[in-house]
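Morning, everyone. Please have the sequence and the model up on your screens. I'll take the helices, then the strands.

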Amino acid sequence: MAVLLLCLGTFTSRHAFAWGQPHLAITKGALETLPTWQRQLLGSEFDLLAAKHCMIPDNVYSDKANAKYAAMESSPGEVYLQKLHLPQAEQVVNLESLRYFMQKAVDSIKAGHIGDAARFMGTICHVIEDFGSPSHTVPGDNQFTLLQQFMPPTPVMEGKLLHGPIENGDFAVSIAGYQPRLLGTTVEEASWRLLHRVHEGIINARSATVPIMQALYADDAVTVEKHQLRAATKDAQVVADAMHTILCLGAGKFETAAKEKCERTGIFTFWPVEAVHLYYPQSHFFSAPFWGHASSNGVMEGGVKAVPIRLRVADKGGVVEKAFASGISTGMGKALTFHLPKGVYHRFTAIAGLQAGIGDKGRVEFIVLGDGKPLANAVVNGTDAAHAFECDVSAVSLLQLNAISRGLDPKSNYAVWAEPELIK
Ligand SMILES: [Zn+2]
């Protein structure tokens, strides 16, 4: 979490310890959920991971012997990599950081070099924890100077930089009872799914930032810690998933049920690349059938009221209305683009149609593109049954979903991609 500390290099080592404490606590809480065989595999590195290795990216100048475990070949000569502390705008950059260190850790386990593996794992812990820190939540405003214009400080915080106060703490993290998830059976798959878990951590941390600032202003340390812990708890779960998965990959050991769960992945809550920094920019708003942006697992009726997804579907020679729990709804002409991991999934499926009740008079062309080339398309009228897409995405690295108005009533052109899934 000490991104500024190292950039400025003006803090004392006492400060450095304070900044680091949540890293240690989160990592420790996460590791406690690992099964016995994974603890044994780590051996004496198990305790060091939480006590020391998770700080490697912050200590690259003082702990020169371990700096190589937080360096990347793609950034030659760079000792301190800011991208390991602050989420970058480009999803691919964040994905590559996770993929690179996960690969290094897995290769080290396979080679029997557990000390190296644990240090690379420490770097991944640090990245997850920093990205999910309540003080790393506003893109490009690491000290909350803009946010303080919206929330002018009370005398108690006047003139103080907020990064440290927002994340500094001294607490224990427990996620006892949490079952770490297997994120994939290859590094490509696991790092890609880890990125989406990390996104959940970022969104969760954002929900803690303002309450923490308010509590700091009120000089209310108890409430500060309550919200810090909320962020730290989510981070510990994501760290647990990552560590568990790396050890499974390194040992080549997977539980059958966990492996089966990886066969298909719904992408309905995944952030498309258009939502840079994980929110829809104004350029991605549509104006018909109302002002809005794409949303997950529901439809905004009239732009104001969330209602479940309902599509017409073919049934026994007729057409019936059916509710869907998962899907992405969107207006016209705003593409949704998703990165796919290389060589992992073979098919993309979705049921695409117009939201029943809103889209009855509309006509929409649904187009699926793979790396810019058309994979499938279908024109669906508001009264038609939704179209079941099934596309081969074996060689695709960018999947794009498009919905385009094809006339009739633009106020009815509200498109839904229900149950969008990638299948191995
Ligand atoms: Zn950091």
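**Helix packing and strand pairing**

Start with helix 5, residues 91–110, and helix 10, residues 221–251. Their axes come within 8 Å and cross at roughly 45 degrees. Keep in mind that this is a predicted model.

How do helix 5 and helix 10 lie to each other? An angle counts as roughly parallel under 35 degrees, and as roughly perpendicular from 65 to 115. At roughly 45 degrees, helix 5 and helix 10 are therefore oblique. The handedness of their crossing is right-handed.

Now the residues. Helix 5 brings Met-102, Ala-105, Val-106, Ile-109 and Lys-110 to this contact. Helix 10 answers with Ile-246, Leu-249, Gly-250 and Ala-251. Sorted by class, that contact holds 7 nonpolar residues, 1 polar and 1 charged.

Stay on helix 10 and look at its other partner in this talk, helix 9, residues 187–217. Here the axes are 7 Å apart, and the packing angle is about 170 degrees. Over 145 counts as roughly antiparallel. So helix 9 is roughly antiparallel to helix 10. The class split for this contact is 15 nonpolar, 6 polar and 6 charged.

On to the strands. Take strand 5, residues 309–315, and strand 6, residues 318–324. They run antiparallel, joined by 7 bridges. One pair to click on: Leu-311 has Lys-322 in strand 6 as its bridge partner.

Which residue takes a positive phi in the hairpin of strand 5 and strand 6? Lys-316, with phi near 45 degrees. The hairpin has 2 residues between its strands.

Last, the sheet. It is open, it has 4 strands, and the order is 8-13-10-11. The pairing is antiparallel. Which strands sit at the edges? Strand 8, 336–339, and strand 11, 373–381; each of them pairs on one side only. On average, neighbouring strands in this sheet are turned by 15 degrees against each other, direction ignored.

Zoom in on strand 8. It is joined to strand 13, residues 398–408, by 4 bridges, and the two run antiparallel. Phe-338 stands opposite Leu-399 of strand 13.

To recap: helix 10 packs obliquely with helix 5 and roughly antiparallel with helix 9. Strands 5 and 6 make a hairpin. The open sheet runs 8-13-10-11.

Conventions. Residues are numbered from 1 along each chain as its sequence is written. This is a predicted model: local features need pLDDT of at least 70, side-chain atom pairs count only at pLDDT 80 or more; totals for chains, interfaces and linings use all residues. Axes are lines fitted to C-alpha atoms, for helices over the stretch in contact, and angles run from 0 to 180 degrees between N-to-C directions. A crossing is left-handed if the near helix is turned anticlockwise from the far one by less than a right angle, and right-handed if clockwise. Two residues are in contact if their C-beta atoms, placed from the backbone, lie within 7 Å. Ala, Val, Leu, Ile, Met, Phe, Trp, Tyr, Cys and Pro count as nonpolar, Asp, Glu, Lys and Arg as charged, and the others, Gly among them, as polar. Two strands pair if DSSP finds at least two bridges between them.
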